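Colleague: I would be grateful for a close look at a single part of this model, the loop that follows one of the strands beside the ligand. Please then connect that part to the rest of the structure.

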Amino acid sequence: MAWDFSTDPEFQEQLDWMDGFVRREVEPLDLLFGRMTYHAIDEPLRTIVEGLRAQVRERKLWACHLDPELGGEGYGQLKLALMNEILGRSGWAPIVFGCQAPDTGNAEIIAHYGTDEQKARWLQPLLNGEVFSCYSMTEPQGGSDPTMFTTRAVRDGDEWVINGEKFFSSNLREASFIIVMAVTDPDVSAYRGMSMFLVPSDTPGIQVLAHIGLGTEEWGEGMHAHVRYENVRVPAENLLGGEGQAFEVAQRRLGGGRIHHAMRAVASAQKQLDMLCERALSRTTQGELLAKKQMVQEMVADSWIQLQSFRLMVLHTAWLIDQSSTAEARRQIAACKVLAAEVLSAISTRAQHLHGALGVSNLMGFSASYGVMMGIMDGPTEVHKVSVARQVLKGYQGSPDLWPTEFGPRKVVGARHRFEEMVGDLDPTAEQRVAFDELLQRSAGDDETVKQMQAYLDATIGNL
Ligand SMILES: Cc1cc2nc3c(=O)[nH]c(=O)nc-3n(C[C@H](O)[C@H](O)[C@H](O)COP(=O)(O)OP(=O)(O)OC[C@H]3O[C@@H](n4cnc5c(N)ncnc54)[C@H](O)[C@@H]3O)c2cc1C
């Protein structure tokens, strides 16, 4: 019986160290330089971050979800999930621990689909934490549906020429290179007609139309580029994966990215729950603590139950990925992505609400919109629900006839036949047989009722 919810004592020690380190050394960066996931790291900030990274490497906690040949510790997704319960409290922590989006996903696909030359040129500096990268897929006219993408790459001798526009290409302003998804064969389905390209971000023809910000960020200060590619030329060897393979590459990348978002959402939701509970135990109104009021207790209970269910789902999904693969865990990853948005939105809204005016003021920095954002990035909730539903339905079949298999008369008639078979095996002269016959007459289906049910089934199913 291998069903164990405990953490290895040695790894727990690592988690305890991380907890203190993130609170003491990393969370202050969020307060001074913003807690959004994407950051500009100029000097002298880079020196500070490098100092913190050195401590992380020394503890063998750098990029530890990656295999050792990729510069990590090969801890896998379950341990990463436990780590992310700490790292997700802070926008800077994933950067300090070498597991920040979009670089983790980009590293994963270069590792999986890249040639040796591509790995040496693009992957290695990324894994060393020397550069940042960008993933450029969404287009202004549509993000949820890849069949709407129009950015085109055309082969010209030894080069590909890219033309088109992309929206919300996160971290482009910091990235050394961009992974761009483009249509290479418009005559086949989008699922076979698009390819991925590795594009250095200083390639001529890349025009940033705006660095879009989130919420109330200052115009031009954001980290999500609206970018135009105008006759951007890259050598043929910059094709990542096979021609026409972009959809498969994207699925692999986004699958990993989504579960990592969900892991960090556990941490954010826990932080909101902590604030909710502290407030409930601190504020008195109408003669008693908020925590004494049943409607507030409901908020606490609902939040805790939602968070625990979500956390277990995330940990189980991480375990499943470690046991099999991201593809095998697809249904659960999609479900975690849905829950991440719903649970985070619900708990953060309650936490903010319970803080009253203070909660909506700029003294606290609540941001209920983080949950909303979680429901959009890497594909909206609706699309993930459709994906979950499709995969759940694969395990079922429709009823063989007009009536559901659980239809009452069918079940009673079936049970009656089964019982008669059992009784039929008994000696007709034995006392037990008589007792069983009597029992049958007292059952929910006496002879006459069962006869009528059988006739009804024959008449209606026979009419199909
Ligand atoms: C913080 C953040 C970072 C991002 N970073 C990147 C990045 O680095 N690179 C990149 O390429 N993209 C990035 N994106 C873009 C993201 O992938 C898209 O926003 C997402 O795929 C949704 O596309 P869209 O915004 O065009 O919304 P649309 O496709 O226009 O969808 C809008 C809404 O329509 C509804 N909807 C959509 N499809 C369905 C459906 N099938 N059924 C019912 N309702 C539906 C949903 O409510 C959805 O929210 C980022 C987005 C955010 C918020």
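Modeller: Leu172 is located in the loop that runs between β3 and β4 (175-183). The model is a predicted one, and in it Leu172 has a relative accessibility of 7% and therefore counts as buried. Leaving aside residues up to four places away in sequence, Leu172 touches Cys134, Ile178, Val208, Met223, Ala225, Val227 and Tyr229. One of these partners, Val227, is 55 residues from Leu172 in sequence, yet the two C-alpha atoms are 8.9 Å apart in space.

Asn171 belongs to the loop between β3 and β4 as well. Its relative accessibility is 3%, so Asn171 is also classed as buried, the limit for that class being under 20%. The backbone of Asn171 deserves attention: phi is positive, at about 70 degrees, although the residue is not a glycine. A positive phi is found again at Asn231, with a value of about 50 degrees, and Asn231 is not a glycine either. Asn231, however, is placed in strand β7.

The strand that leads into this loop takes part in the surroundings of the ligand. The shell around the ligand comprises 18 residues, and the closest are Tyr135, Thr138, Ser144, Ser170 and Glu382. Three polar approaches can be described in turn. At Tyr135, a backbone N or O atom lies 2.7 Å from a nitrogen atom of the ligand. At Gly143, a backbone N or O atom is 2.8 Å from a ligand oxygen atom. At Glu382, the side chain contributes instead, with a polar atom 2.6 Å from an oxygen atom of the ligand. Taken alone, the ligand exposes 980 Å², and the protein buries 67% of that area. Two or more residues of the shell come from each of the elements β1 (132-136), β3 (159-170) and α13 (381-393).

Further along the chain from the loop of Leu172 lies another loop with a buried residue. Asn238 sits between β7 (224-235) and β8 (239-240). With a relative accessible area of 4%, Asn238 is buried. Its contacts, again without residues up to four places away in sequence, are Gln118, Trp122, Met196, Phe197, Leu198 and Pro200.

Two details elsewhere concern a side chain and a peptide bond. Gln352, which lies in helix α10 (residues 330-354), has a relative accessible area of 17% and is therefore buried, being under 20%. The side chain of Gln352 reaches the backbone oxygen of Gly359 at 3.2 Å. The peptide bond from Ala101 to Pro102 is cis, with omega near 0 degrees. Pro102 is placed in the loop between α4 (93-96) and α5 (103-113).

The helices later in the chain can be considered together. Helix α14 (residues 408-424) has 17 residues; at 1.5 Å a residue it should span 24 Å, and its end C-alpha atoms are indeed 24 Å apart, which agrees. Within α14, the residues Pro409, Val413, Arg416 and Val423 are buried. Viewed down the axis of α14, the buried residues fall within an arc of 90 degrees, so they line one face of the helix. These buried residues of α14 pack against α15 (431-442) and α16 (447-462).

Helix α16 can be examined by the same reasoning. Its 16 residues should span 22 Å at 1.5 Å a residue, and the distance between its end C-alpha atoms, 22 Å, agrees with this. The buried residues in α16 are Val450, Met453, Leu457 and Thr460. They cover an arc of only 105 degrees around the axis, which puts them on the same side of α16. Lys451, Gln452 and Gly462, on the other side of α16, are exposed. The cover over the buried residues of α16 includes α14.

To return to the part requested, Leu172 and Asn171 are both in the loop between β3 and β4. Each of the two counts as buried, Leu172 at 7% and Asn171 at 3% relative accessibility. The strand β3 gives two or more residues to the shell around the ligand, and Ser170 is among the closest residues to the ligand.

Conventions:
Residues numbered from 1 in each chain as written. Predicted model: local features only at pLDDT ≥ 70, side-chain atom pairs only at ≥ 80, totals over all residues. Heavy atoms only, no water. Helix = DSSP H or I, 4+ residues; strand = E, 2+ residues; numbered from the N terminus. Expected span 1.5 Å × (residues − 1). Buried < 20%, exposed > 50% of the residue type's maximum accessible area, 1.4 Å probe, protein only. Arc of directions from axis to C-beta. Contact = heavy atoms within 4.5 Å. Near = heavy atom within 4 Å. Polar contact = N/O pair within 3.5 Å; in protein donor to acceptor, adjacent residues only side chain to side chain. Areas by Shrake-Rupley, 256 points an atom, 1.4 Å probe, with all protein chains shown as cover.
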